[in-house]
Amino acid sequence: MANERLIKAFRNLSAIVYITNILCSVIFAWYMTYLHLCVGSLAAAMSLFMLIIATQTPKMLTGALELSHRALFTWRGRFTTDILISLLLFAMGTFGITMGIITIFISLSIRSLGNRDKETFQVLFPTTKDPSTNNTEGSDYNLA
């Protein structure tokens, strides 16, 4: 059985990082210039979606996201989104740069977990069976 404490720790840590990313983005968007508002709003929205995915709440919204954007639930999809969020955070001064580095570090830590403990990684990023094609969805993205 997968290490439940480790899984809970990574999910909670990810949630804290995404909440802090949202806070950083809102502070940046508060300057109310066009560029600040666009970059801050985009980073906050992306962080909010990743927070919903990381915590898997509310279930109704998570289910809808999983049906429409299945790639976000794979490690590769999450890492790509984290890179995009980090690039936006890097434009937000010292606080943003710090949060961008922490966001990338958390994603790489989860990947190193996948290299060491494949069962725990599989619990964090489960593969799903697509009923229309009978293929396992996400397996090539989640290989550790």
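Buried here means under 20% relative accessible area. By that cut-off, buried residues make up 38% of the 144 residues in the protein. The model is predicted.

**Whole chain**

Start with a cartoon view of the whole protein. Select the secondary structure and 6 helices and 2 strands appear. Along the sequence the order is α-α-α-α-α-α-β-β. Switch to a surface: the protein exposes about 8400 Å², with carbon and sulfur atoms supplying 69% of that area. For the contacts, count those with a sequence separation of 6 or more; residues 24 or more positions apart account for 60% of them.

**Helix H5**

Select residues 93-116, which are helix H5. The helix has 24 residues, so at 1.5 Å a residue it should span 34 Å; the end C-alpha atoms lie 35 Å apart, in agreement with that figure.

Now show the side chains of the buried residues of H5. These are Gly96, Met99, Gly100, Thr103, Ile106, Ser107, Ser109, Ile110, Leu113 and Gly114. What do the buried residues of H5 pack against? Add helix H1 (4-29), helix H4 (75-89) and helix H6 (118-124) to the selection; these three are the partners.

**Asn21 in H1**

Move to H1 and select Asn21, which is found in that helix. Is Asn21 buried or exposed? Its relative accessibility is 0%, so Asn21 counts as buried. Leaving out residues up to four places away in sequence, show what Asn21 touches: Ser47, Ile85, Leu89, Met99 and Thr103. Two of these, Met99 and Thr103, are also listed among the buried residues of H5.

**The largest nonpolar core**

Next, select Tyr18, Ile85, Leu89, Met92, Ile110, Leu124 and Phe125. In the largest nonpolar core, which has 29 residues, these are the ones that touch the most other members. Colour by element of secondary structure: H1, helix H2 (34-55), H4, H5 and H6 each give two or more residues to this core. Which of the elements gives the most to this core? H2 does, with 8 residues. As background, nonpolar side chains tend to be buried together in soluble globular proteins.

**Ile53 in H2**

Stay with H2 and select Ile53, which has its place in this helix. Ile53 has a relative accessible area of 8%, so it is buried. Apart from neighbours within four places in sequence, Ile53 is in contact with Leu65, Leu72 and Phe73. Draw a distance from the C-alpha atom of Ile53 to that of Arg11: the separation is 9.7 Å, for residues 42 apart along the chain.

**The loop between H2 and H3**

Follow the chain into the loop between H2 and helix H3 (59-68), where Pro58 lies. The peptide bond from Thr57 to Pro58 is cis, with omega near -10 degrees. Gln56 lies in the loop between H2 and H3 as well. Gln56 is a residue other than glycine, yet its phi is positive, near 55 degrees. With 25% relative accessibility, Gln56 counts as partly exposed.

**The loop between H1 and H2**

Go back along the chain to Met32, found in the loop between H1 and H2. Met32 is not a glycine either, and it has a positive phi of about 60 degrees. Met32 has a relative accessible area of 57%, so it is exposed.

**The salt bridge in H4**

How many salt bridges does the structure hold? There is 1. To see it, select Arg78 and Asp82, whose side chains meet at 3.9 Å, N to O. Side chains of opposite charge can pair when their charged atoms come close. Arg78 and Asp82 are 4 residues apart in helix H4, so about one helical turn separates them. Arg78 and Asp82 are both buried.

**The nonpolar surface patch**

For the last stop, return to the surface view and select Leu84, Leu87, Phe90, Ile97 and Ile101. They form a nonpolar patch with about 440 Å² of accessible area together. H4 and H5 each supply at least two residues of the patch. One of its members, Ile97, has its place in helix H5. Ile97 has a relative accessible area of 38%, so it is partly exposed.

Definitions and conventions: Residues numbered from 1 in each chain as written. Predicted model: local features only at pLDDT ≥ 70, side-chain atom pairs only at ≥ 80, totals over all residues. Heavy atoms only, no water. Buried < 20%, exposed > 50% of the residue type's maximum accessible area, 1.4 Å probe, protein only. Contact = heavy atoms within 4.5 Å. Areas by Shrake-Rupley, 256 points an atom, 1.4 Å probe, with all protein chains shown as cover. Expected span 1.5 Å × (residues − 1). Patch = residues over 30% accessible without salt bridge, like charges linked within 9 Å, V, L, I, M, F, W, Y side chains within 5 Å. Salt bridge = Lys/Arg side-chain N within 4 Å of Asp/Glu carboxyl O. Core = buried A, V, L, I, M, F, W, Y, C linked by side-chain atoms within 4.5 Å.
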